[in-house]
Amino acid sequence: MTIQSEKVDLGARSCISSRVDMEGVNGKSVGHLFENISSFVRQCIFSVLNVGPVPSHIAFIMDGNRRYSKKQNLLDGDGHRAGFSALINMLKYCYELGVKYTTVYAFSIDNFKRRPGEVASLMKLMQEKIDELTQEESIVNRLGIRIYFQGNLKLLSDCVRSAAERAMVKTSGNSRAVLSICVAYTSTDEIVHAVQESCEEIWDDIRKREVNNAEGNFVGLKENGKDENEHRVGLTDVDRHLYMSVCPDPDIIIRTSGATRLSNFLLWQSAHCLLYSPTALWPEIGLRHLIRVILDFQRNFLYLKAKKKQS
């Protein structure tokens, strides 16, 4: 009797285990099917959008992670993790649409003024997510995205700075798209840095000329290809030395959470771009928001193009 009961029990367990395995397989199949359908729908939508002009560069101010965490009663840091997932989805959508350059405002220099514990937690999370981006199976490598970290990287912790440098080296061979991540960044710091480098470059040029003259080579200003007025810092000098010189100016800047401030982000580069401020918090941003701003960009394309020509 006992042996027979054990056999029945084993048989029941086997059936339950098989059912659970089957549910797991079915769950994965449903997930793959849903992703395939979603991908097909996106391809259809993007093929229609591609009939009109498509922006080459979209920049994002990822605002609202902490408010999303409070709104959803999440633990500290979970709002930023949700924001990272939103970033991955947005990168995928931008790539599928044909956007070559994307830029995200990840951490402002002003954010270092937050509580030390919060800053340390964000730095740890940043290092973790940077390492995830460079894994072999990550979306960055699957889509051929090259990563640049822009900002005063000396202000970062050693671990985060090392992770950023590794990411830039590991993705240096990718060329299908470019992702610029602005960390320890403000636009005013970027402009000051560019002016300082421009001045140093001009002074180096002057010192070299003086050395040549002292050695009897007599390279004057005109012989050096410059007249006296050209030994000044100009717009092109500043442009060349900006952190963001690796990218064209953005066509669109999207700031989530409904705020209409640029918060010291890309002030030099944003003179003729479209600004879009959906009320959604950053982790809530989705495909519908991207579609809406692309349609708005296409409606205003000729106007924005004319404004750029006038400048």
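**Exercise 1. Work out whether N152 is buried or exposed, and what surrounds it.**

Step 1: start with accessibility. N152 comes out at 18% relative accessibility, so it counts as buried. The scale here: buried is under 20% relative accessible area, exposed is over 50%, and partly exposed is in between (1.4 Å probe, protein chains only).

Step 2: place it. N152 sits in the loop between β3 (145-150) and α6 (158-170). Helices (H or I, at least four residues) and strands (E, at least two) are DSSP runs, numbered from the N terminus.

Step 3: look at who touches it. Setting aside neighbours within four places in sequence, N152 is in contact with V183, A184, D189 and Y243. Contact means heavy atoms within 4.5 Å.

Before going on, keep in mind that this is a predicted model, where local features need pLDDT of at least 70 and side-chain atom pairs count only at pLDDT 80 or more, while totals for chains, interfaces and linings use all residues. Residues are numbered from 1 along each chain as its sequence is written, and side-chain values use heavy atoms, with hydrogens and water left out.

**Exercise 2. Do the same for Y276: find its element, its accessibility and its contacts.**

Step 1: Y276 belongs to strand β6 (residues 274-276).

Step 2: with 10% relative accessibility, Y276 is buried.

Step 3: beyond its neighbours within four places in sequence, Y276 is in contact with I253, I254, R255, H289, R292 and V293.

Step 4: for a distance check, take A259. C-alpha to C-alpha, Y276 and A259 are 9.5 Å apart in space, and 17 residues apart in sequence.

**Exercise 3. Describe the packing of helices α3 and α4.**

Step 1: get the geometry. Two packed helices are described by the angle between their axes and the distance between the axes. Helix α3 (residues 78-97) packs with α4 at an angle of about 30°, and the axes are 11 Å apart. Axes are lines fitted to C-alpha atoms, for helices over the stretch in contact, with angles running from 0 to 180 degrees between N-to-C directions.

Step 2: name the arrangement. α3 and α4 are therefore roughly parallel to each other (angles under 35 degrees count as roughly parallel, over 145 as roughly antiparallel, 65 to 115 as roughly perpendicular and the rest as oblique).

Step 3: list the residues. H80, R81, F84 and I88 in α3 meet L122, L125, E128, K129, E132 and L133 in α4. That contact divides into 5 nonpolar, 1 polar and 4 charged residues (Ala, Val, Leu, Ile, Met, Phe, Trp, Tyr, Cys and Pro count as nonpolar, Asp, Glu, Lys and Arg as charged, and the others, Gly among them, as polar).

**Exercise 4. Trace some of the salt bridges.**

Step 1: the total is 19 salt bridges. Each is a side-chain nitrogen of Lys or Arg within 4 Å of a carboxyl oxygen of Asp or Glu.

Step 2: pick R66 and E118, whose side chains meet at 3.1 Å, N to O. R66 lies in helix α2 (residues 65-71) and E118 in helix α4 (residues 116-133), so the pair ties together parts 52 residues apart in sequence. R66 is partly exposed at 42%, whereas E118 is buried at 14%.

Step 3: follow R240. It bridges to E201 at 2.8 Å, N to O, and to D237 at 2.9 Å. D237 and R240 are 3 residues apart in helix α8, so about one helical turn separates them. D237 is buried at 13%; R240 is partly exposed at 46%.

Step 4: finish with the network, where salt bridges link D78, R81, E128, K129 and E132.
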